[in-house]
Amino acid sequence: MCGIAGIYSHKPVANELYECIVHLQHRGQDAAGMMTYDKRMHKHKGSGLGNEVFTEDNLRLLLGNVGISHNRYPTHGGFSHGEIQPVWTSVPYGIAIAHNGQITNYDELVEEVTQKEKRYLNTTSDTEVLLHILAKELNKDGTPQTSEEFFDLLCEAVGTLFKKVKGAYSVTGIIIGKGLIVFRDPRGIRPLVRGERDNKGGKDYIFASENTMFYSMGYESKGNVLPGELIYVDNDGKVFSKRLVKEEFNPCIFEYVYFARPDAVLNDVGVYRSRLRMGQNLAYAWMKKHPYVVPDIVIPAPSTANTAALSFAHEIDVRYSEGLYKNPFVGRTFIMSGQKERKRSIKHKLVPQDTEIRDKKVLIVDDSIVRGNTSREIVKMVRNFGAKEVYFVSACPPVKHPCYYGVDMPTSEELIAGNKREEEIKKYLGVDVLLYQEIDDLVEAVTRKGDHHIKNPCMACLDGHYKVNGRKVHELV
Ligand code: SF4
């Protein structure tokens, strides 16, 4: 999972791209990077949070009114400096891209790039392969003179890329002397939203994984980059767009469960409202299945589950309590790489509140149960603080299958629901009652309202039905 942004503006973009990185920090804490251009490309990137990577001094060197940024959360490739995005190539033009997602036919494409095209790959990152596929397609004969001609070339290049590259990819890019480009894979698996604002001299344009920074930067939401769409903003701010391919729209449902910030609106669905509805549907299921089990208190596993817990408590008419205090200065558990780090960090970041827990029947609401470690630790904490009984509900159905579209769930063995039955999970977590959301109820929660077009979201990690087949996925299904 990563966060990307791209801005075309009538003023320097470096500070605003930094703001994008800060507002998308929840999507990737491993590294951050930015590239801008005026007459030449300017770049800065490094490991860590945005505020560790960027300083006033290095931001000042990122000149230009067009640029892209990236928050990294590695799902493919290693941990070297070279893997940090944006990635770039100098032929043709000078192209840089930032990518959110994961490519499923990576091996096949590597062969094409290295064997057929004789291009050298610096890293094992799928983004670098994506860059070279794009560069190869743009490196055709002829020199487009006008923006219209260049857009025709782009359409041809990205159209071919759409045919070749399988998997999930939302991309922002800059091309020296030409402008800003963005495109989203034909299934629209990863989000990509767009915004506009008036500026002296004309309109500014922003494209980003979420619209979380639009308000503070004065941008107005203009919906989404459509699946299979290519958008090009030339150096003069003229916008060209075309939907090159139309396939079934399969946006990731896990964005609504966990990844996206609650204030984001993705694919025309508000994340906050969808989480409220998840809690509501889960509460109806609870009352149906366990009408005589009434907790004294409903506590969210902070903080993604806060919203679902709020509506859950409201529906079952039980007090909502923030009985686990979360230290906001520790990174998100799920996003941290390495099991050891994960376990250690749970205790460091969550502190149970005695008054809210002792001698009570506690119902914990979590957004999902992925590996099960965090949930187990939370249950232990709550028991240690004197809970009489502990019930656990998950706003997401059992996560049973790996994700090949950009989320770090590598093997079924690591997923607790991938190799344990519900009764065993209940025992492992040490809870008196365990309830998972039903898949239909989750889909209903996301799609109940709004002028959206989500009929078949990607739920492969829940139902094992992979919508895009690359070689790796094909072996699995
Ligand atoms: Fe999202 Fe799961 Fe699909 Fe991955 S497999 S894209 S996490 S819904």
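Ala, Val, Leu, Ile, Met, Phe, Trp, Tyr, Cys and Pro count as nonpolar, Asp, Glu, Lys and Arg as charged, and the others, Gly among them, as polar. The model is predicted, so local features need pLDDT of at least 70 and side-chain atom pairs pLDDT 80 or more, while totals for chains, interfaces and linings use all residues. Residues are numbered from 1 along each chain as its sequence is written, and side-chain values use heavy atoms, with hydrogens and water left out.

**Exercise 1. Describe the ligand shell by residue class.**

Step 1. List the residues that have a heavy atom within 4 Å of the ligand. They are Ile189, Arg190, Cys252, Ile253, Phe254, Cys403, Tyr405, Val407, Cys458, Met459, Ala460 and Cys461.

Step 2. Sort them by class. The shell has 11 nonpolar residues, 1 charged residue and no polar ones.

**Exercise 2. State the order of the antiparallel open sheet and find its edges.**

Step 1. Take strands as DSSP runs (E, at least two residues), numbered from the N terminus. Two strands pair if DSSP finds at least two bridges between them.

Step 2. Write the order. This open sheet has 7 strands, β3-β2-β4-β1-β10-β9-β11, with antiparallel pairing.

Step 3. Find the edges. β3 (41-47) and β11 (220-224) each have a single partner strand, so one side of each lacks a neighbour in the sheet.

Step 4. Add the twist. From one strand to the next it averages 15°, with axes as lines fitted to C-alpha atoms and angles running from 0 to 180 degrees between N-to-C directions.

**Exercise 3. Trace the contacts of β9 and β10.**

Step 1. Start with β9 (residues 193-199), which is joined to β11 by 3 bridges. Here valine 193 stands opposite asparagine 224.

Step 2. Cross to β10. There are 7 bridges between β9 and β10, and glycine 195 has isoleucine 206 as its bridge partner. These strands form a hairpin with 2 residues between them, and glycine 201 in the turn has a positive phi of about 100°.

Step 3. Continue to β1 (residues 3-8), joined to β10 by 4 bridges. Glycine 6 stands opposite phenylalanine 207.

Step 4. Check burial (under 20% relative accessible area, 1.4 Å probe, protein chains only). In β10 (residues 202-208), 5 of the 7 residues are buried, so this strand is largely enclosed by the rest of the structure.

**Exercise 4. Describe the parallel open sheet.**

Step 1. Its 4 strands have the order β16-β19-β20-β21.

Step 2. β16 (297-300) and β21 (433-436) stand at the edges. The twist averages 20° from one strand to the next.

Step 3. β19 (residues 361-366) and β20 (residues 389-394) pair over 6 bridges, with valine 390 as the partner of valine 362.

Note on methods: A residue is near a molecule or strand if one of its heavy atoms lies within 4 Å of it. Buried means under 20% relative accessible area, exposed over 50%, partly exposed in between (1.4 Å probe, protein chains only).
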